[in-house]
Each structure stands twice: as structure tokens, then as C-alpha cells.
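This briefing introduces the structure shown below to a reader who has not met it before. The points that follow are grouped by topic.

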Amino acid sequence: MAIGTPDYSIKNLNEKTDAEIKESISKSKEELFNLRFQKATSQLENSSRIRAVKTDIARMYTVLRERELGITQAPEETSGKAEK
């Protein structure tokens, strides 16, 4: 069984641009901070969510690093103008 959020699977991340992935990383880091805070105050209900968020963050960094090394390609960014 795969750990993490289905929205952040490798297939879905490969379809996103670098900017979208970086935005997702910042949201996930914020969520991880909130989860850790809930754990410290004994308000955390689902402790497995911490591991899933950490895995998602690592997966996003891996995709960005693969693109940096040229292992995979980022999708073409659409400019909003229709080409004729």
C-alpha cells in the first residue's frame, strides 16, 4: 500500500509545473507544522497523517530534483494564447 496523498502521486506531480509543485510543498510544510503542533498539544487524531505528509514532501522534492538533473522533463507551460 502506498503512503501519501493520491493527489501527490508521481503521475500527478509529473503533470504539474515547477511553480505548482513548489506551491504544494509550501502548503504541505504548513500542514506538517500544524500536525506537529496538534501532536504536541495532544489534539492530533490521526497520527499517520504526519508520515503521509512527510512522504508527499519528499516525493515533490524528488520530482524537482529529477527535473534539475534532466532525468525527467517538466510539462510545457501554456501561455494562455491559442496558437494558430
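Ser42 is found in the loop that links helix α2, residues 18-40, to helix α3, residues 48-69. The model is predicted, and every value given here is computed from it. The points below begin with this loop residue, turn to the contact of α2 with α3, and end with individual residues of α2.

**The loop residue Ser42**

- The phi angle of Ser42 is near 60°, which is a positive value in a residue other than glycine.
- Ser42 has a relative accessibility of 68%; because this is over 50%, Ser42 counts as exposed.

**The pairing of α2 and α3**

- The axes of α2 and α3 come within 9 Å of each other and cross at roughly 155°.
- Because angles over 145 degrees count as roughly antiparallel, α2 is roughly antiparallel to α3.
- The crossing in which α2 passes α3 is left-handed.
- On the α2 side, the residues that meet α3 include Asp18, Ile21, Ser24, Ile25, Ser28, Leu32, Leu35 and Lys39.
- On the α3 side, the residues that meet α2 include Arg49, Ile50, Val53, Ile57, Met60, Tyr61, Leu64 and Arg67.
- The residues of this contact comprise 11 nonpolar, nine charged and two polar ones.

**Ser24, a buried residue of α2**

- Ser24 has its place in helix α2 and is among the residues of that helix that meet α3.
- The relative accessible area of Ser24 is 7%; since this is under 20%, Ser24 counts as buried.
- With neighbours within four places in sequence left aside, Ser24 is in contact with Tyr8, Lys16 and Met60.

**The aromatic pair in α2**

- The count of aromatic pairs comes to one.
- This pair is formed by Phe33 and Phe37, with 6.3 Å from centre to centre and 35° between the planes, and it is tilted.
- Phe33 and Phe37 are separated by about one helical turn, because they stand four residues apart in helix α2.
- Both Phe33 and Phe37 are exposed.

**Gln38 and its surroundings**

- Gln38 lies in helix α2 and, at 31% relative accessibility, counts as partly exposed.
- Not counting residues up to four places away in sequence, Gln38 touches Gln43 and Leu44.
- Gln38 and Glu76 are 38 residues apart along the chain, and their C-alpha atoms are separated by 39 Å.

Notes:
Residues are numbered from 1 along each chain as its sequence is written. This is a predicted model: local features need pLDDT of at least 70, side-chain atom pairs count only at pLDDT 80 or more; totals for chains, interfaces and linings use all residues. Side-chain values use heavy atoms; hydrogens and water are left out. Helices (H or I, at least four residues) and strands (E, at least two) are DSSP runs, numbered from the N terminus. Buried means under 20% relative accessible area, exposed over 50%, partly exposed in between (1.4 Å probe, protein chains only). Axes are lines fitted to C-alpha atoms, for helices over the stretch in contact, and angles run from 0 to 180 degrees between N-to-C directions. Angles under 35 degrees count as roughly parallel, over 145 as roughly antiparallel, 65 to 115 as roughly perpendicular and the rest as oblique. A crossing is left-handed if the near helix is turned anticlockwise from the far one by less than a right angle, and right-handed if clockwise. Contact means heavy atoms within 4.5 Å. Ala, Val, Leu, Ile, Met, Phe, Trp, Tyr, Cys and Pro count as nonpolar, Asp, Glu, Lys and Arg as charged, and the others, Gly among them, as polar. Rings of Phe, Tyr and Trp (its six-membered ring) pair if their centres lie within 6.5 Å; planes under 30 degrees apart count as stacked, over 60 as edge-to-face and the rest as tilted.
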